[in-house]
Amino acid sequence: MGKYSIEEFVRQTKQNDNDNDYFELETERILEVNLSGLVWAKTGSMISYTGQIKFEREKILEHGVSQMFKKALTGEGASLMKAQGNGRLYLADQGKKITIFELNNESITVNGNDLLAFEPGIKWDIKLMKKVAGMMSGGLFNVNLTGKGRVAITCHYEPLTLIVRPGESVITDPNATVAWSGHLTPEFKTDVSFRNLLGRGSGESIQMEFKGEGFVIVQPFEEVYSSGNGPS
């Protein structure tokens, strides 16, 4: 950052006081939620708020028994909190860039570590990647989101969207894969020759292969998956 007087700094960095949409990018790394009701957000992502907002960690049976068992198997990597009330809520996650999608009866699948927030009307389901469970630090899982409403996801640096076409597979590193078309189902394979080339175990030795028609979003960063997040 350059040199500023205090007045200049405040003027250039202060929050936007205009009446904004439900989800707005306050900056490319901070999500503003203009809350009048409730929103689901990644546990630990609140950095500030104004107004009357209460926070509650997702209850173990909040989304049914099946979700409870899935979350137990994934080590609560997709731990959520419920923010409820009226006011402005600001969310962020490790300085990652934020993208807002507006789903119109569409579906997107997001790496559980990269899901920041979504409207309560969105239906979601945790998908376990059983074939790689235990192969990677913290395991690997994703969240399928479907319906009408806004979803905010995060990624390190600038995302790249790869188009998946029939007959042309797209191969990605699981640690760099952020999201993909909800109808695509990745297959996992191990590149033994590459692992042997390095002479040790490697994230790149496990690969995700996407076939069909759709898209995959990747980031120029290999993320280490956490096994949960502390409360705000």
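Biologist: I would like to begin with a single acidic residue: is Asp 114 buried or exposed, and what is its relative accessible area?

Modeller: Asp 114 is buried, with a relative accessible area of 1%; buried means under 20% relative accessible area, exposed means over 50%, and partly exposed covers what lies in between, using a 1.4 Å probe and protein chains only. Please keep in mind that this is a predicted model, in which local features need pLDDT of at least 70 and side-chain atom pairs count only at pLDDT 80 or more, while totals for chains, interfaces and linings use all residues. Residues are numbered from 1 along each chain as its sequence is written, and side-chain values use heavy atoms, with hydrogens and water left out.

Biologist: Which residue forms a salt bridge with Asp 114, and how should I read such a pair?

Modeller: Side chains of opposite charge can pair when their charged atoms come close. A salt bridge here is a side-chain nitrogen of Lys or Arg within 4 Å of a carboxyl oxygen of Asp or Glu, and the partner of Asp 114 is Lys 96, with the closest N and O atoms 2.8 Å apart. This pair links distant parts of the chain, 18 residues apart, with Lys 96 in the loop between strand 4 and strand 5 and Asp 114 in the loop between strand 5 and strand 6; strands are DSSP runs of E with at least two residues, numbered from the N terminus. Lys 96 is buried as well, at a relative accessible area of 1%. Salt bridges that share partners then gather Lys 42, Asp 93, Lys 96, Asp 114 and Glu 223 into one network.

Biologist: Where does Lys 42 lie, and which side chain does its own side chain meet in a polar contact?

Modeller: Lys 42 belongs to strand 2, residues 30-42, and is buried, with a relative accessible area of 3%. Its side chain makes a polar contact with the side chain of Asp 93 at 2.9 Å; such a contact is a pair of N or O atoms within 3.5 Å, where within protein one must be able to donate a hydrogen and the other to accept it, and residues adjacent in sequence count only if both atoms are side-chain atoms. A polar atom of the Lys 42 side chain also lies 2.8 Å from the backbone oxygen of Asn 113.

Biologist: How many salt bridges does a search of the whole structure find?

Modeller: The search finds twelve salt bridges, and one of them joins the side chains of Glu 28 and Lys 97 at 3.4 Å, N to O. The two are 69 residues apart, Glu 28 being in the loop between strand 1 (23-27) and strand 2, and Lys 97 in strand 5. Glu 28 counts as partly exposed at 40% relative accessibility, whereas Lys 97 counts as buried at 13%. In a further salt bridge, Arg 88 meets Glu 32, with the closest N and O atoms 4.0 Å apart; Arg 88 lies in strand 4 (residues 80-91) and Glu 32 in strand 2, so this pair ties together parts that are 56 residues apart in sequence. Arg 88 and Glu 32 are both buried.

Biologist: Turning to the nonpolar side chains, how many residues does the largest nonpolar core have?

Modeller: In soluble globular proteins, nonpolar side chains tend to be buried together. A nonpolar core is a set of buried Ala, Val, Leu, Ile, Met, Phe, Trp, Tyr and Cys residues joined through side-chain atoms within 4.5 Å. The largest one has 19 residues, and those with the most contacts inside it include Val 110, Phe 118, Trp 124 and Leu 145. Strands 5, 6, 7, 8 and 11 each supply at least two of its residues, and strand 8 gives the largest share, six residues. A second, separate core of 16 residues includes Leu 31, Val 33, Leu 89 and Leu 116.

Biologist: In what order do the three strands of the open sheet stand?

Modeller: Their order is 10-13-12, with antiparallel pairing; two strands pair if DSSP finds at least two bridges between them. Strand 10 (170-172) and strand 12 (187-190) are the edge strands, each pairing on one side only. Three bridges join strand 10 to strand 13, residues 206-210, and Ile 171 stands opposite Glu 209 of strand 13.

Note on methods. Helix = DSSP H or I, 4+ residues; strand = E, 2+ residues; numbered from the N terminus.
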